[in-house]
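Trainee: Could you choose a single part of this model and take me through it closely? I would like one connected account rather than a list.

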Amino acid sequence: MRHVSVGALALVLMAISACSGSDDSSGKKPEDKLVGAIGVQLSETALFQGPKRTLMIGGQAGEGVPLVQGRDALFRAYYSTNADYDGEAVLATLDLLDGQPPIEKALILGPGSSDADLGSTINFEIPGSRIKETFQYSLSMVQFDNGRGDNQFARFAQQVAVAGKPNKLRILIVPYAYNADGSGRVPDTSEEQVERYRERFRSLYPVSDVEVSVHAPVPWSSPIQPNGYGWQEVGLNLFGIRGSEGIPPDTYLYGVFNPTASIGQFCGGGCLLGVTLLNDNPPDEGSVSLRLALGVGFPQVALNTAAHEIGHAHGRRHANCGPGLEPQSIDSQYPHANGRIGDWGYDITNGDLHDPAVATDIMSYCDNQFISGYNYTSLFARGQNVNSPKIIGAPADYWIVASDGLGSTRWQKTRFAGIPSGQEVEVTVDTSSASGLVSKAWYTPYDHLDGGWLFLPASVGEITRIEHAAGGARQVLRR
Ligand SMILES: [Zn+2]
């Protein structure tokens, strides 16, 4: 298949829009009528929100991973052509029957489609907002009649249930500032890196959206070693954070640190990249308090380590591929050899296609990682049970003012729906345009520090100074 040049495309579309909706009674000539393109057979349709989900194959309903409301998707139409196809441009139209305009593509078809070649299928990018409770569509590949008649095999319409309700995976990255070597080194949690984490989770996890927020860095002065020494203490600290700071139950905590300057220094003699308690009991939800994981923040491995470790916090065991897997950590139900993904996958965040002959599951220790339909479906079930649907809706912006009582105050804007955790308090705020404003806020103290987090509606404006007595003593914080 090749795409028609821009000039030809414009001509085709102009011609089509000029006669769109015509029929024999409208006075149009028969050759202006649009009919199913002769010699074209629509063979399959699939929706990719990650692993392939066949919608239709050979005219029958297909199967595969569950669809998720609100999640971006790629619709692929597979076809074949025979000698009756005239080689001229075809107008492919995907109508989602949702009151929005159909998506149209004018193109010249090739001999047929294959999974391996994105360019061989007719592809429509569907924004998540158009994936609702039912996915219904009408697909047609038409040409002007020119007296050749109609071909019903160039059209298909279908309704498919969307099993997944809207849901958001929420990750709170907790960076540890590593002081055991005196460096105070903090892993990268810049806005850009946080967005990279968010996109990696969004590509692999069957959720409508992902929110990644960042905790104020946690100072850490005990050694953390490649062999696992010292990790448990960090895990216990992270465990404490949920309770002491009132972290919402659907938020996964991810503790991250760099105990050396580079991954080469840390992993020269073999290393642990992450540690998580397998959170598989009760099986459908896991334990709230174990919705946490640890990993290193070296840029070469940070994103996949996070996605893998949070997979354990979703109760997923290892896909059997790669060295050093503890036998009891391997998922005996995993259906594909060598940790492979089993079917074609498509990354909605970057457009990459993943070949089941090459790609391995994120829960393996092997390269070319994506997500198998098997683990995607398991993560789907957990996400549907855990990821609170109420957080979809109208999110609001908040200031988080994190003060550690040691003179360090961090100011950060965040966005979420629902009420912030913590005790409701009144604070006095000066902003760049007003002073002495009284605002509602929510305060959560640290357990081992004389400070805490204050949430304020960001609508107060650009804060310059804040005064509150939420922690007991009156505190003045300047920004
Ligand atoms: Zn693992």
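Mentor: Let us start from H308, which is buried with a relative accessible area of 6%, where buried means under 20% relative accessible area, exposed over 50% and partly exposed in between, using a 1.4 Å probe and protein chains only. This is a predicted model, in which local features need pLDDT of at least 70 and side-chain atom pairs count only at pLDDT 80 or more, while totals for chains, interfaces and linings use all residues. Residues are numbered from 1 along each chain as its sequence is written, and side-chain values use heavy atoms, with hydrogens and water left out.

H308 coordinates the zinc ion through NE2, together with NE2 of H312 and NE2 of H318, at 2.0 to 2.1 Å; donors here are N, O and S atoms within 2.8 Å of the metal (3.2 Å for Na, K and Ca), and a site may look incomplete, since water is not among the atoms. Along the sequence, these donor residues follow the spacing H-x3-H-x5-H. H308 sits in helix α5 (residues 302-313), whereas H318, 10 residues apart from H308, belongs to the loop between α5 and β18 (345-346); helices (H or I, at least four residues) and strands (E, at least two) are DSSP runs, numbered from the N terminus. H318 is likewise buried, with a relative accessible area of 6%.

The loop that holds H318 also carries a disulfide partner. C321 is joined to C366 with an S to S distance of 1.9 Å, a disulfide being a pair of cysteine sulfur atoms within 2.5 Å. C321 lies in that loop between α5 and β18, and C366 in the loop between β20 (360-361) and β21 (369-370), so the bond ties together parts that are 45 residues apart in sequence. The link is left-handed, with -95 degrees about the S-S bond. Both ends are buried, C321 at 12% relative accessibility and C366 with a relative accessible area of 18%.

Helix α5 has a further role in the packing: it gives the most to the largest nonpolar core, with five residues. Such a core is a set of buried Ala, Val, Leu, Ile, Met, Phe, Trp, Tyr and Cys residues joined through side-chain atoms within 4.5 Å. This one has 33 residues, and I310 and Y197 are among those with the most contacts inside it. Leaving aside residues up to four places away in sequence, Y197 touches A302, L303 and A306, among others, contact meaning heavy atoms within 4.5 Å.
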